[in-house]
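Hi everyone, thanks for coming. Please get your viewers open, and stop me if anything is unclear.

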Amino acid sequence: MRKTLTVAEMALREVARRRSVLAIILLLPLAFYLTRREEHLGQSIRFVFLGLSWALSTAALFAANAARGMEPRLRLGGYQTWQLMLGRLVALWTLGGALSVPYFLLIRFDQHDVRYGPIALVMVLLTLIAPVFGLLLAAVLPRELEGTLVLLLVVGLQMMMNPSGDASRLLPFWFSREIGTYAVDQTGTDYLARGLVHAVVMLAVLLAAVGIASAVRLRRRGHLRLAG
């Protein structure tokens with residue numbers, strides 16, 4: 001447990017050092033919210049979800065790339081792959097929680113006639129899933145620019161694709177549209193159920209993919225063990 005918390009502390013320090021990036025991450029969901037607030041209050045909530053998903057995924061992408069050179073040394077120093085992965089996720093989940101709370105309070109006091117519980121649920125699920133998606137992109141795409149472009153593509157598709165289409169369900173944050181519709185438009189519970197199922201499945205798939213990618217990348221090679 002101590003090693004996991006040490007990795008989490010290191011990850012938080014790395015994110016805190018990137019002050020300009022941190023400022024953008026903090027303010028991006030607000031910009032998304034304000035762009036739609038005057039026209040359609042309900043749509044502004046969905047845009048906050050998009051902003052949070054992009055911000056948390058980007059933070060995970062940058063944190064993982066910053067630690068890429070350090071993790072092999074930690075691995076040789078006795079850290080297990082799951083400790084490195086879990087420690088980074090604990091840090092990113094902490095950051096996500098700290099980022100989500102102010103935006104939930106903003107919606108709570110600025111919006112009316114919506115279901116606040118499902119809105120909070122979406123933010124919790126985004127806090128859990130978005131960092132895992134960012135870590136997966138960092139594992140597959142070693143350059144930050146490539147990962148950022150993929151994130152922009154995913155967010156753009158989330159905005160443009162018909163949420164009722166089968167292809168849109170492949171997007172990692174499709175659940176936010178379904179639960180968001182349940183919260184804003186006060187539709188039937190089938191939207192809530194579909195969103196929850198999608199979120200649980202997506203979280204499990206992403207965690208498994210990140211675990212496999214991390215295990216392959218950080219496996220201890222024989223000649224390195226002998227050299228240590």
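I'll walk through the empty spaces inside, then the nonpolar core, then one helix, and finish with a few single residues. One thing to keep in mind throughout is that this is a predicted model.

Let's begin with the holes. Rolling a probe the size of a water molecule over the atoms shows where empty space is left. How many cavities of 30 Å³ or more does a search of the whole structure find? The search turns up two.

The largest cavity comes to about 150 Å³ in volume. It has 14 lining residues, and those closest to the centre are Glu71, Arg88, Leu135, Ser214 and Arg217. Try selecting those five in your viewer. Three elements each supply two or more residues to this lining: helix 5, which runs 81-110, helix 6 at 116-140, and helix 9 at 189-217. Helix 5 gives the most, with four residues. Sorted by class, the lining of the largest cavity has eight nonpolar residues, two polar ones and four charged ones.

Now the second largest cavity, with a volume of about 50 Å³. Around it you'll find Glu14, Val15, Arg18, Val21, Leu22, Ile25, Ala59, Phe62 and Ala63. Here the elements giving two or more residues are helix 1 (2-17), helix 2 (19-37) and helix 3 (41-66). How do the classes divide in this lining? Seven residues are nonpolar, two are charged, and there are no polar ones.

Next, the core. The largest nonpolar core holds 56 residues, and the members that touch the most others are Ile119, Met123, Phe173 and Phe175. Helices 2, 3, 5, 6, 7, 8 and 9 each give two or more residues to this core. Which of them gives the largest share? That would be helix 3, with 15 residues.

Let's zoom in on Phe175. Leaving out residues up to four places away in sequence, Phe175 touches Val122, Leu125, Leu126, Ile129, Gly180, Gly195, His198 and Ala199. Phe175 is also one of the buried residues of helix 8, and that helix is our next stop.

Is helix 8 largely enclosed or largely open? All the counting points one way: 11 of its 11 residues are buried, so helix 8 is largely enclosed by the rest of the structure. The buried residues include Trp174 at one point in the list and Val184 at another, and charged-looking names such as Arg177 and Glu178 are among them too.

One member of helix 8 that I'd like you to look at is Thr181. Why does Thr181 count as buried? Its relative accessibility is 14%, and the cut-off for buried is under 20%. The side chain of Thr181 reaches the backbone oxygen of Arg177 at 2.7 Å. Beyond residues up to four places away in sequence, Thr181 touches Arg46, Gln186, Thr187 and Tyr191.

Gln186 in that list deserves a moment of its own. Gln186 sits in the loop between helix 8 and helix 9. Its phi is near 55 degrees, which is a positive value in a residue other than glycine. With a relative accessible area of 40%, Gln186 is partly exposed.

There is another residue of this kind to find. Asp113 has a phi near 60 degrees, again positive and again in a residue other than glycine. Asp113 lies in the loop between helix 5 and helix 6, and with a relative accessible area of 69% it is exposed.

Two more residues and we're done. Val154 lies in helix 7, and at 9% relative accessibility it counts as buried. Val154 and Leu171 are 17 residues apart along the chain, and their C-alpha atoms are separated by 7.1 Å. Not counting residues up to four places away in sequence, Val154 touches Phe133, Pro172 and Phe173.

Then there is Phe109, in helix 5. Is Phe109 buried or exposed? At 65% relative accessibility, Phe109 counts as exposed. Phe109 and Tyr79 are 30 residues apart along the chain, and 45 Å separates their C-alpha atoms.

That's the tour. Thanks for listening, and I'm happy to go back to any view you'd like.

Conventions. Residues numbered from 1 in each chain as written. Predicted model: local features only at pLDDT ≥ 70, side-chain atom pairs only at ≥ 80, totals over all residues. Heavy atoms only, no water. 1 Å grid on protein atoms, 1.4 Å probe; cavity = no way out; pocket = protein on both sides within 12 Å on 5 of 7 lines; lining within 4 Å. Points joined across faces, edges and corners; volume = space filled by probe spheres on them. Nonpolar A, V, L, I, M, F, W, Y, C, P; charged D, E, K, R; others polar. Buried < 20%, exposed > 50% of the residue type's maximum accessible area, 1.4 Å probe, protein only. Polar contact = N/O pair within 3.5 Å; in protein donor to acceptor, adjacent residues only side chain to side chain. Contact = heavy atoms within 4.5 Å. Core = buried A, V, L, I, M, F, W, Y, C linked by side-chain atoms within 4.5 Å.
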